Amino acid sequence: MKKNLFFTLLLLPAMFMQSYAQSGKANQALLRKADETLQFAARQYKLMMNHVPDTVLPRSTNKDGSLMTSNAGWWTSGFYPGTTWSLYEYTKDPAFKTEALKRMALCQKNEFNTRTHDLGFMMYCPFGNALRITGDTAYKRILLNSARSLSTRFNPTVGCIKSWDHGTWKFPVIIDNMMNLELLTWATRESGDPQFDKIARTHANTTMKNHFRPDYSSYHVIDYDPATGAVLQKKTHQGLADSSAWSRGQAWGLYGYTMMYRETKDKAYLDQARHIAEYILNHPHMPADLIPYWDYDAPDIPNAPRDVSAGAVAASALLELSRYTNKTEGKRYWNAAEKMLTSLCSPAYLAKEGENNDFILMHSVGSLPHQSEVDVPLTYADYYFVEALLRYKQWAK
């Protein structure tokens with residue numbers, strides 16, 4: 001009886017998603033623009049296929065304008081094959097499937113990588129999409145191994161998955177980690193082992209307790225004492241200052257708690273996502289086009305660099321969040337996402353065909369304090385942008 005109840009509970013996220021879903025009213029002009037942009041994205045990535053060496057993955061643009069690549073061990077390695085799966089889903093062009101499989105072969109060894117917290121990005125984005133789109137159950141074993149590897153980084157005393165093994169930190173946890181929890185909730189549904197889901201919920205709960213300020217802005221890094229679980233420091237690494245609101249960090253939190261509500265139907269996660277959304281959308285430094293500056297507290301606003309990756313992540317998250325809230329809130333989030341997508345589809349942020357090292361979007365910021373990837377394309381900006389466009393087409397009515 002307990003076993004049957006457990007599996008019934010595992011099915012609840014999908015059941016609730018169907019019954020509570022609210023699709024936004026379609027903007028016909030944006031629907032047309034979404035199609036045009038996805039077709040453009042497919043043409044860009046066809047060019048990229050021919051320009052990226054076979055043994056590496058595209059990452060960004062170097063300071064000299066050349067293509068920046070990474071090996072499969074870099075945290076962004078899964079986004080390019082993940083995006084090619086999305087483009088295959090949209091176009092049905094087998095060339096994208098072939099490309100995805102070729103690049104996934106480089107990434108597969110990460111299923112046993114216990115030295116990174118980013119296995120959701122690295123493995124669930126490509127292999128999860130592959131499983132969903134093809135139905136090939138061989139991907140389940142790879143994803144379950146990845147979930148087991150990620151779980152080794154969980155410390156039950158702290159209640160979190162450790163982020164980095166470098167630096168002078170004792171047990172650093174970054175807000176980005178919220179994005180990797182979907183791999184774990186999936187693993188519980190697939191395997192029946194409740195430990196994966198327990199780790200995901202515990203991490204989300206600890207992050208909700210310690211990462212957020214009273215206004216629901218987020219610190220980037222919380223450093224814990226691994227022996228006692230006590231908070232040692234509340235810091236930043238890629239933001240302006242420890243007390244500032246790094247824009248992509250706010251977007252990671254918004255997306256992560258929206259996803260956790262979908263996966264668990266725990267209302268605390270929905271409330272957290274709603275609060276983060278309100279912080280972002282009501283911020284006095286949010287530009288009129290809703291594409292954030294790299295940090296909401298940047299001193300040179302309105303001349304500070306934008307972070308298109310933060311906009312793309314937030315747009316995708318807001319589309320989903322709109323489906324779980326009441327009609328008034330849902331319309332607000334949907335309309336904000338529409339405005340973000342309209343901006344991202346404009347010449348201000350969308351690359352010209354054959355330019356931008358074949359990436360789709362321009363003007364993202366990786367880490368301005370480190371002068372790394374400033375005002376350049378980023379592979380994860382493309383991933384979440386394509387995801388958001390496909391979500392818009394699927395959910396608009």
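**A three-stranded sheet and two helix pairs in a predicted model**

Strands S6 and S7 form a hairpin with 6 residues between them, and in its turn Gly229 has a positive phi of about 85°. Helices (H or I, at least four residues) and strands (E, at least two) are DSSP runs, numbered from the N terminus. The structure is a predicted model, in which local features need pLDDT of at least 70 and side-chain atom pairs count only at pLDDT 80 or more, while totals for chains, interfaces and linings use all residues. Residues are numbered from 1 along each chain as its sequence is written, and side-chain values use heavy atoms, with hydrogens and water left out.

The pLDDT, which is the predictor's confidence in each residue on a scale from 0 to 100, averages 94 for the protein chain, and 94% of the residues score at least 70. Over residues 1-21, however, pLDDT stays under 50, and for this stretch the model has 20 contacts (heavy atoms within 4.5 Å) beyond four places in sequence. Where pLDDT is low, the predicted coordinates should not be read in detail.

The hairpin belongs to an open sheet of 3 strands, ordered S5-S6-S7 with antiparallel pairing, where two strands pair if DSSP finds at least two bridges between them. S5 and S7 are the edge strands, each pairing on one side only, and neighbouring strands of this sheet are turned by 20° against each other on average, direction ignored. Strand S5 (residues 172-174) is joined to S6 by 3 bridges; here Pro172 has Asp223 as its bridge partner in S6, and Ile174 stands opposite Val221. Helix H8 (residues 194-210) packs on the sheet, touching S5, S6 and S7, and its direction makes about 105° with that of S6. Between S6 and strand S7 (residues 231-235) there are 4 bridges, and Ile222 stands opposite Lys234 in S7. Along S6 (residues 221-224), Val221 and Asp223 point one way and Ile222 and Tyr224 the other way, yet all are buried, that is, under 20% relative accessible area, with exposed meaning over 50% and partly exposed in between (1.4 Å probe, protein chains only).

Two helix pairs were also examined, with axes taken as lines fitted to C-alpha atoms, for helices over the stretch in contact, and with angles running from 0 to 180 degrees between N-to-C directions. The axes of H6 (residues 138-151) and H7 (residues 182-191) come within 9 Å and cross at roughly 125°, and the two helices are therefore oblique to each other; angles under 35 degrees count as roughly parallel, over 145 as roughly antiparallel, 65 to 115 as roughly perpendicular and the rest as oblique. Residues of H6 including Leu143, Leu144, Ala147 and Leu150 meet residues of H7, among them Leu183, Leu184, Trp186 and Ala187. For H9 (residues 247-264) and H11 (residues 308-321), the axes come within 8 Å and cross at roughly 25°, which makes H9 roughly parallel to H11. This contact involves residues including Trp252, Leu254 and Tyr255 of H9 and Val313, Leu318 and Leu321 of H11.

Elsewhere in the model, Gly65 lies in the loop between strand S1 (57-61) and strand S2 (67-70) and, at 40% relative accessibility, counts as partly exposed. Although Gly65 and Val376 are 311 residues apart along the chain, their C-alpha atoms are separated by 9.2 Å.
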